[in-house]
Amino acid sequence: MMKTDSRSVLIAILSAAAAGVLFGVGLGISGMSRPTKVLAFLDVTGAWDPSLAFVMMGAIGVHCLAVVVAKRRERTPLGGIFHWPKPAAVDKPLLVGAALFGVGWGLGGLCPGPALLGAASGSAASILFVVAMVAGMLVRHASARREAARSS
Amino acid sequence: METFTPISSLVGGSLIGLAASVLLLFHGRVAGIAGILGETLRGDGTRGEGVFRAAFLVGLAAAGLTLRVVYPAAFAAAGSSSAAGLALVAGAGVLVGYGTRLGSGCTSGHGVCGISRLSKRSIAATLTFMAAGGATVFVVRHVLGVAR
C-alpha cells in the first residue's frame, strides 16, 4: 500500500516535479529540443551529427543503474510497488506504431518530450505540434476502445 | 548545419537518465512521456497516479519556461512558418501522437527506459522508429531535395 500521510504525499509530488524539471533541462542541454539537431542526427547520409547517440548513451548509462537497484527491491521508499511493463511479444501494433512515430519524428524533428518542452517555452511550431499530437493520441484511444468493445 | 556536441549531449542525456531514475525509484514508474501525457488525456488510474503525472508535466513545463529565459539556444532554429511548413508540423504531430500510443512508447519510454531494462519490445521499437526516422529524412532531403 502506498503511504498516504502528508509527508509522503509531499515527497511524491516534489520528486515527480523535480523529475520533470531534470528531464526538461536534460532535453534542453542535450540538444534534443532542437528539431534541426534531431534531423541532423537522422540524416546519416548527409551532414551527419551523431550527438544524439551520446544523449542515448548518457541516459541509458545512468538509468540502467537505477534499474539494477529497483529490481532488487520489493517496494519504493514511499511504499508503492514497481509498475514494470508486463513482458509481451514483439507484435504488429508495436512495430507499426513505432514506424508511424519514426516517420513523424523524421518529418518534424520532435518527439513527445521535446515537443512539450518547446510548447511550454512558447514556440508556436511546438504548440501546433502538441495540439496535433494530442489529436493523434485521442484518435488512437478511440480506436483502442472500439477494438476492446469488439473483442469483448 | 549542426555541430557535434558530445559533451553537452552526454551531460544532458545523463540528466534525462537521472530524471527517469527518480520516477522509477520513488514512484516505480516508467518515464515515458507519450505514456504520461496519453494516460493524463485518458484520465485513467487512481488519483495518486493523476497527481504524479500532473506534477511531472508541471515540472517539465517549468523547465521549458526557464530554458527560454536562461538558455534560448535550446530551442533555436525553428522550422519554416509557411503554410506548407505548418501543415508538415501538424501532420508530423498527428503521426507522433497516434504512433506512440499504438506502439506503446516513444524515445523516452522505449529508447531510454525500455533499453535500460533490455526489453525486447523496446529494442525492436527503438530500431524501428530510428530506421523510419532516418528513411524519412533521407527521402525528404536527398530524394525530394527539400532543405529542412
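Domain bounds, as used here, come from an automatic or database domain assignment. With that in hand, we can start with chain A: its assignment gives domain 1, residues 1-84, and domain 2, residues 88-152. Keep in mind as you look around that this is a predicted model.

Let's take chain A by itself for a moment. It has six helices and zero strands, so to speak a run of α-α-α-α-α-α from the N terminus on. If you lay a box along the principal axes of its C-alpha trace, the spans come out at about 50 × 45 × 30 Å. Is that what you'd get from a ball? A compact globule of 152 residues would have a radius of gyration near 15 Å, but chain A has 19 Å. Of those 152 residues, 51% count as buried. You can also ask how far apart in sequence the touching residues are: among the contacts in chain A with a separation of 6 or more, 44% come from residues 24 or more positions apart.

Now back to the two domains. The C-alpha centres of domain 1 and domain 2 of chain A lie 19 Å apart. Where they meet, domain 1 of chain A puts in 11 residues and domain 2 of chain A puts in eight. Look at the domain 1 side of that meeting place: α1 (6-30) and α2 (35-42) of chain A each supply at least two residues. The largest share, five residues, comes from α2(A). As for what kind of residues sit on this side of domain 1, they divide into seven nonpolar, four polar and no charged.

Time to bring in chain B. Here, too, you'll find six helices and zero strands, and its elements run α-α-α-α-α-α from the N terminus on. The C-alpha trace of chain B spans about 50 × 40 × 35 Å along its principal axes. Of its 148 residues, 53% count as buried. If you take the contacts in chain B between residues at least 6 apart in sequence, 46% of them join residues at least 24 apart.

How do the two chains meet? In this model, 102 residues of chain B are in contact with 103 residues of chain A. On the chain B side, the elements giving two or more residues are α1 (6-27), α2 (33-42), α3 (47-70), α4 (83-102), α5 (107-116) and α6 (120-143). The one that gives the most is α1(B), with 21 residues. Sort the chain B side by type and you get 61 nonpolar, 31 polar and 10 charged residues.

That brings us to the nonpolar residues inside. In soluble globular proteins, nonpolar side chains tend to be buried together. In this model, the largest nonpolar core has 84 residues, and A:Phe129 and B:Ala19 touch the most other members. The biggest giver to this core is α1(B), with 11 residues. Both domains of chain A take part as well, since the core draws at least three residues from each of domain 1 (1-84) and domain 2 (88-152).

To finish, zoom in on A:Phe129. Which residues does A:Phe129 touch, not counting residues up to four places away in sequence? From chain A, there are A:Gly108, A:Leu110 and A:Ala115. From chain B, there are B:Val89, B:Ala92 and B:Gly93.

How values were computed
Residues are numbered from 1 along each chain as its sequence is written. Chains are lettered from A and ligands numbered from 1 in the order in which they are written. This is a predicted model: local features need pLDDT of at least 70, side-chain atom pairs count only at pLDDT 80 or more; totals for chains, interfaces and linings use all residues. Helices (H or I, at least four residues) and strands (E, at least two) are DSSP runs, numbered from the N terminus. The radius of gyration is taken over C-alpha atoms; the globule rule is 2.2 Å times the number of residues to the power 0.38. A residue is buried if 20 or more other C-beta atoms lie within 10 Å of its own, exposed if 12 or fewer, and partly exposed in between; C-beta atoms are placed from the backbone. Two residues are in contact if their C-beta atoms, placed from the backbone, lie within 7 Å. Ala, Val, Leu, Ile, Met, Phe, Trp, Tyr, Cys and Pro count as nonpolar, Asp, Glu, Lys and Arg as charged, and the others, Gly among them, as polar. A nonpolar core is a set of buried Ala, Val, Leu, Ile, Met, Phe, Trp, Tyr and Cys residues joined through C-beta atoms within 7 Å.
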